[in-house]
Each structure stands twice: as C-alpha cells, then as structure tokens.
Amino acid sequence: MKSTPLSLIAGTVALAAVTGFAALTAPGDAGTPEAGAAARLPVERSSLLCPAPGGSDLSDTTYTSFTPAGESDGEAGTAELKPSVALPVDEDVPSDAEKSDAEKDEEGEKDKDEDSEKDEAKEKAAADKPVITLKASGKPATAETSDSDAPALIGTATGKLAPGWAAQQTTTNLAGGSRGLLGVSCSGPDTDFWFPGASTAATRQDYVHLTNPDDTAAVADIELYGPEGALKTDVGEGITVPARSSVPMLISTLTTEAVEDVTVHVTTREGRVGAVVKAADDAAGSDWLAASEDPAGTLVMPGIPADATSVRLVAFAPGEDDADVKVQLMGKSATFAPAGKDTLHIKSQMTAGVDLKNVTRGEPGSLLLSPAQGSTTPIVAALRVVRGTGDEQEIAYIPATGPVGERASVADNRAKGSVLSLTAPGETAKVKVTASAGSEGGESTVKTYTVKGGTTLEVTPEVPSGLKGGYALTVETESGGPVHAARTLTIPQDGVQMFTVQTLPDDGGTVEVPAAEQDLSVLDD
C-alpha cells in the first residue's frame, strides 16, 4: 500500500490551522518532530460566544459580525451565530373540545408523547436558525433584537471567514439599574479567566455569564478574592453548564461578604466555556467586564477617555509572592506617574484597589503597570472608568490587554461616536487602520498612523466613503514596537455620555506550522 507524500502533510497543516498546534514526524521516528522553517497559515475554524444581553423592555441590542479581507486561499466557508438555547416557538394547539371522554382517555398519552416530540423538534429547528450570518469578508453583517430574554449566542466561522473573525454585541438600555451602553467583543471558549474589578457590594449587581459551546456539559468553578484574600463560598464549585447553553451567576450570592473590589477567577474542571462579567452600579449604570490578559509582569490598559471623572485601578497577584508595580500613565506626549500613586503593592492572592481620580486631566491616556523594586510577580488588572457626575454618570471597564500584534479588529462602529486609542509602551510604531465597507454600503478607507513610544494617540477614524450602516475597524502593525489599542463608542442620551470600551488584542488569525523537510511517503515492503 502507498500513500501520497501530501496526505500526512495536508492533514497536519489542517490540524494546526484548526487547533493552533501540530508536529510532523517521519515514519519510524515517532515523537520526533522534523526540523524545518516554520510557516504561518490562516486558521480554518474560529469560535466565538456572545453572552445573553439581558436588559429591560426599553433595551435594544445590535450584533455585528465581521472578518477582515485577507489573502486566504481556502474554501469560502461560513460564519454564523446561533442561539445557545431553544427559542420559544409559537404554534396553534388544536382544541379537543369536541372529542368524547373515551377518545380523550385513549389518545391522551399518545398525544402527549407526540406533542412533546413535535415541540422538541420545533425548538431544535428554531435554535439551529442563525441570528446573524456573515457571507463575505471585508464587510460586516448586523442583526438587532429588542427581546430582553434574548439568549446567548454560539458561533463558528470556517474557511476564508475564519481568520480574524470578530463579533460585537452592543446593548442600549435606557432604564433600570442596568441602564447604559453595554458593549462586549464576543470571545472564544477557554478554561481559565480572571476578572479583577467585580464587586459584591450592596450597590452592585454583578453577574458572571458562563456559556458552553459544546455538545456535552461543562463543569466550572468560581473563586472570589477580596482585599483580605479568598472570600468564603460554598456554592462556587462544581457549577454545571449544560451543553450549548448559558448560565448567569449573581456574584453576591456566592458569598456572604460584601466587598467593593473583587477578583473573580473562573476555571473549568470539565469542558470549556466562554466567560464575561456584567457589572451594574446603582449610581453609574452598567457595562460588560471582559477578562484580563493572562497574568504577566507588565500590563497595559489602553483607551482612558480624556474627560474621565474617575478612574479606579483593581489588580490581583495570583501567585505565592507579593507584587510591587510601577503605575504610569502614557499620555498624549509623554509617560508620567500619577502624583502620590506611582507604585502599588499587591499582596499574594489579594485584590488591591486604588482610586486614580481624574488621572488623565483632560487628555486621553493609557495605564501601564510594570515591575518595581526587582519584582517579577505576574498580575492581572482592570480599570473602572466613569464619565460625568451626579445623575449623569456612566461607567465602562478596561481590562489589561495584549498588543494588536499582526492584526486586530473591532466591529460595530457608527458614523459618529467611535474613537480609536493607540498606545506604544516601548518603541515608536507605525500602524495601518482600515475602516471597512459599511454593512449597508460604502467604500473602505485606509490610513496610517505613527505612535510615538511612551504615548497614547487618540484618533477619530476616517469613516468609509458613502457609509451606510455600521463598519468595522482593523488595526495592523507595520513597524516598530508593540501597539495596544482600544475603541471607545459613545452614544449621548438625555445629557449622559453613554459609552463602552473594547480592547483590540491580536486576532490569532494565523498559526505557526512547522515545515517538513523529507518525503513522508509510506512505502509497501
């Protein structure tokens, strides 16, 4: 029996493009990877999860799906977001008023079984219908809902639509304790998440949303850490998230301790989930808190608005050692330390919070945390940002994020209200920013920006020519050091500057695949 030299190679490349890992081995040398120059190939499959938006009868949610135009030579592919749970199905139930009692008794059990089977089939069909379908790269697709009970969404992109696939969920809620502009970039499933910046205080209603994209149940654990260490909880362990469904957990019900600054740690012992925190403040409204970048010694939180009236830093050291970090603001023209707040000591497995007040002082900025006094302890962190005062306050969260890297995108930008923050914590860098075609029409535009090292550059993107509908922004690093980015979307409402901030880490649109250096044919004896 013979196999072609391409069969094993093609299979391995496909595995790497889907999973991000593969190694080629020669026959007879099992477990020994072949040396060779690595190549980067586009991924062939991507997964995204969007949490249940919630809200009130006065809330509206917009979903936006987008894949940047690329050079992939793969299949056309699909990109769909579907409900995580069965949607209610309206149906006419036939009356049996004219049937005799004997007929009812005889047919009762059979009818129940048949009705149950029909309901399950119809609910399954409804749940399998996409809420939003992306048909081509380079142009976003949108969908809207006013249903306060809309479910979480589970999405998969394949072929040419997989590399760099992004989705945004934006909810405008005009009433209730969760009022505000709530935005979140839909994210992929994982097994480990950190959320510094949550709270169990009486003035907060914070929920952690867990979404399971798979066909088998996942089991998750939730740990809570305050300023004095772990908060006692008896119900945060072994939380079952049924297959292809979503479970919201009110964080304050997991413990009896009311604490202002809490770090939430979500892990899974079985399966994987998507996780995000919905934080609601009685005075300042609500927004989504996305997970912090994985623990690291140096962290960047980009995109603090120039008119921020309050900025609170929350950080956590998950290891066995304390952490000492320098706190610096990368402003419009230089990097400087906030007066009296230039360092922060974070005790091991304890949450530290510090009020930086109006640290930006009328200029846009980004926060940089870096090791101090020889400390190398990794940490996680996030910012709670408030604009406005009194009854006109509005809140948003900025978690620590990785650099743009090769490319990153953010969807759901409007003709007005989008601002892009670019910061270079090291060397000066040059980036290319592409505003895509509009969802309903318009031509894309491209502009290049230079970001001076140690500063934050805030730009209002050049909207697509002839824009109709919304558009996406894609940032690509062209030269220089790493660049971190965030998009702020602002929608004024009755004197309140409702806003939300989304960070732009590398989209992971390509994976590194080792190249084979010998013929891998398997020959007959």
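A residue counts as buried under 20% relative accessible area, as exposed over 50%, and as partly exposed in between (1.4 Å probe, protein chains only). By that rule Phe316 is buried, with a relative accessible area of 0%. The model is predicted: local features need pLDDT of at least 70, side-chain atom pairs count only at pLDDT 80 or more, and totals for chains, interfaces and linings use all residues. Residues are numbered from 1 along each chain as its sequence is written, and side-chain values use heavy atoms, with hydrogens and water left out.

The chain holds two helices and 38 strands. Both are DSSP runs numbered from the N terminus: helices are H or I with at least four residues, strands are E with at least two. Of the 525 residues of the chain, 49% are buried. The exposed surface of the chain is about 23,900 Å² (Shrake-Rupley method, 1.4 Å probe; for residues, only the protein chains shown count as cover). Carbon and sulfur atoms supply 48% of that area. A contact means heavy atoms within 4.5 Å. Among contacts in the chain with a separation of 6 or more, 81% are between residues 24 or more positions apart.

Strand pairing comes next. Two strands pair if DSSP finds at least two bridges between them. One open sheet has four strands in the order 2-7-4-5, with antiparallel pairing. Strand 2 (45–50) and strand 5 (132–134) stand at the edges. Each has a single partner strand, so one side of each is left without a neighbour in the sheet. The twist averages 15 degrees from one strand to the next (axes are lines fitted to C-alpha atoms, for helices over the stretch in contact; angles run from 0 to 180 degrees between N-to-C directions). Strand 2 is joined to strand 7 (residues 153–158) by six bridges, and the two run antiparallel. Ser46 has Ala157 in strand 7 as its bridge partner.

Another open sheet of four strands follows the order 6-3-8-9, again with antiparallel pairing. Its edge strands are strand 6 (141–145) and strand 9 (180–185), and each pairs on one side only. Direction ignored, neighbouring strands of this sheet are turned by 15 degrees against each other on average. Five bridges connect strand 3 (residues 59–66) with strand 6, and these strands run antiparallel. Opposite Ser65 stands Ala141 in strand 6.

Further along the chain lies strand 30 (residues 429–435). Five of its seven residues are buried. Strand 30 runs antiparallel to strand 32 (residues 445–451), with seven bridges between them. Here Lys432 stands opposite Thr448. Seven bridges also join strand 30 to strand 35 (residues 471–480), and this pair runs antiparallel. Lys430 has Ser479 in strand 35 as its bridge partner.

Aromatic rings were examined too. Rings of Phe, Tyr and Trp (its six-membered ring) pair if their centres lie within 6.5 Å; planes under 30 degrees apart count as stacked, over 60 as edge-to-face and the rest as tilted. The count comes to three aromatic pairs. In one of them, the ring centres of Tyr225 and Phe316 are 4.8 Å apart and the planes stand at 40 degrees, so the pair is tilted. Tyr225 lies in strand 12 (residues 218–226) and Phe316 in strand 20 (residues 308–316), 91 residues apart. Tyr225 is buried, with a relative accessible area of 9%. Trp194 joins Tyr225 and Phe316 in one aromatic cluster.

A charge sits over a ring if NZ of Lys or CZ of Arg is within 6 Å of the ring centre and within 35 degrees of the ring normal. The charged end of Arg387 sits over the ring of Phe499, 4.8 Å from its centre.
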